[in-house]
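Subject: Structure for you to look at

Hi,

Here is the structure I said I would pass on. Have a look below, and then read on for what turned up in it.

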Amino acid sequence: MMTLTDLSGDYLVDGGRTTVGFVARHRIGPRVRGRFGEFEGAAVLDGADPSASRAWLTIRAASIETGDKRRNAHLSKAFLEVEAYPVITFVSTKVAQATKTTYDVTGELTIRGVTQVVTVPFELTGTDGDLTFAARLTIDRHVWQVNMNALTSALVSPDVVLDLQVTATRSS
């Protein structure tokens with residue numbers, strides 16, 4: 001497998017082959033798995049100097065999909081407040097190589113108008129013409145004020161696992 005050193009250039013996130021997913025857990029029930037269907041993103045990779053690389057992702061919050069239309073509408077309105085906050089964004093501020101194929105991408109994650117710095121460990125999983133990366137990160141939704149009320153806090157775990165399976169195609 002090639003490493004990032006071999007893959008310098010500009011890349012666009014392929015929406016048809018990328019999954020921006022999440023897993024939330026009810027304290028007394030099953031996990032809720034979902035994804036966002038509308039997003040766009042790009043990366044500029046510098047294999048000789050990974051710290052010069054950068055990336056961004058913009059997600060349409062109303063494109064949430066959990067397999068249940070009522071739950072989708074409830075999450076959109078009560079938790080994400082998509083009317084006031086239509087997008088979720090991530091903009092990198094730092095990229096560091098952690099292993100031969102893993103890169104820690106630090107950046108600003110904005111949800112519901114609240115911005116926090118997170119570090120996402122992206123693993124390069126494929127390079128057959130396009131690039132594929134996988135990343136998992138657990139966040140505390142309360143930090144971004146993603147909560148409906150005190151009852152919700154008691155019934156739904158604050159931890160949400162973000163699960164990204166990204167395919168990017170060279171744009172230049």
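Let me start with the helix, α1. Lys-69, Arg-70 and Lys-77 are exposed on one side of it, while Asn-72, Leu-75, Ser-76 and Phe-79 are buried. Those four buried residues span an arc of only 120 degrees around the axis, so they sit on the same side of α1. Bear in mind throughout that this is a predicted model.

The two ends of the helix are worth a click as well. Where α1 starts, a side-chain oxygen of Asp-68 comes to within 2.9 Å of the backbone nitrogen of Arg-70. After α1 comes Glu-81, which has a positive phi, near 45 degrees.

Next, the strands. β2 (residues 19-26) and β3 (residues 31-36) make a hairpin, with four residues between them. Their pairing is antiparallel and runs over six bridges; in one of these, Val-23 has Arg-33 of β3 as its partner. β3 also pairs with β6 (residues 64-65), again antiparallel, through two bridges, and there Phe-36 stands opposite Ile-64.

β3 has a neat alternating pattern. Val-32, Gly-34 and Phe-36 point to one face and are buried, whereas Arg-31, Arg-33 and Arg-35 point to the other face and are not buried.

You asked about rings, and there are two aromatic pairs in the structure:

- Phe-22 with Phe-36 is a tilted pair, at 5.7 Å centre to centre and 45 degrees between the planes. This pair links β2 to β3, its members being 14 residues apart, and both Phe-22 and Phe-36 are buried.
- Phe-122 with Phe-133 is edge-to-face, at 6.3 Å centre to centre and 90 degrees between the planes. Here the link is between β9 (residues 114-126) and β10 (residues 131-140), with 11 residues separating the two rings in the chain. Phe-122 and Phe-133 are buried too.

Finally, the core. Which residues have the most contacts inside the largest nonpolar core? That core has 40 residues, and the list is Phe-36, Leu-80, Leu-109, Ile-111, Phe-122 and Trp-144. Ile-111 is a good one to centre your view on: leaving aside residues up to four places away in sequence, Ile-111 touches Leu-80, Ile-88, Ile-139, Trp-144 and Val-146. Phe-36 is the one to keep selected as you go round, since it turns up in the tilted pair, on the buried face of β3 and in the core list.

Cheers

Conventions
Residues are numbered from 1 along each chain as its sequence is written. This is a predicted model: local features need pLDDT of at least 70, side-chain atom pairs count only at pLDDT 80 or more; totals for chains, interfaces and linings use all residues. Side-chain values use heavy atoms; hydrogens and water are left out. Rings of Phe, Tyr and Trp (its six-membered ring) pair if their centres lie within 6.5 Å; planes under 30 degrees apart count as stacked, over 60 as edge-to-face and the rest as tilted. Buried means under 20% relative accessible area, exposed over 50%, partly exposed in between (1.4 Å probe, protein chains only). The arc is that of the directions from the helix axis to the C-beta atoms. A polar contact is a pair of N or O atoms within 3.5 Å; within protein, one must be able to donate a hydrogen and the other to accept it, and residues adjacent in sequence count only if both atoms are side-chain atoms. A nonpolar core is a set of buried Ala, Val, Leu, Ile, Met, Phe, Trp, Tyr and Cys residues joined through side-chain atoms within 4.5 Å. Contact means heavy atoms within 4.5 Å. Two strands pair if DSSP finds at least two bridges between them.
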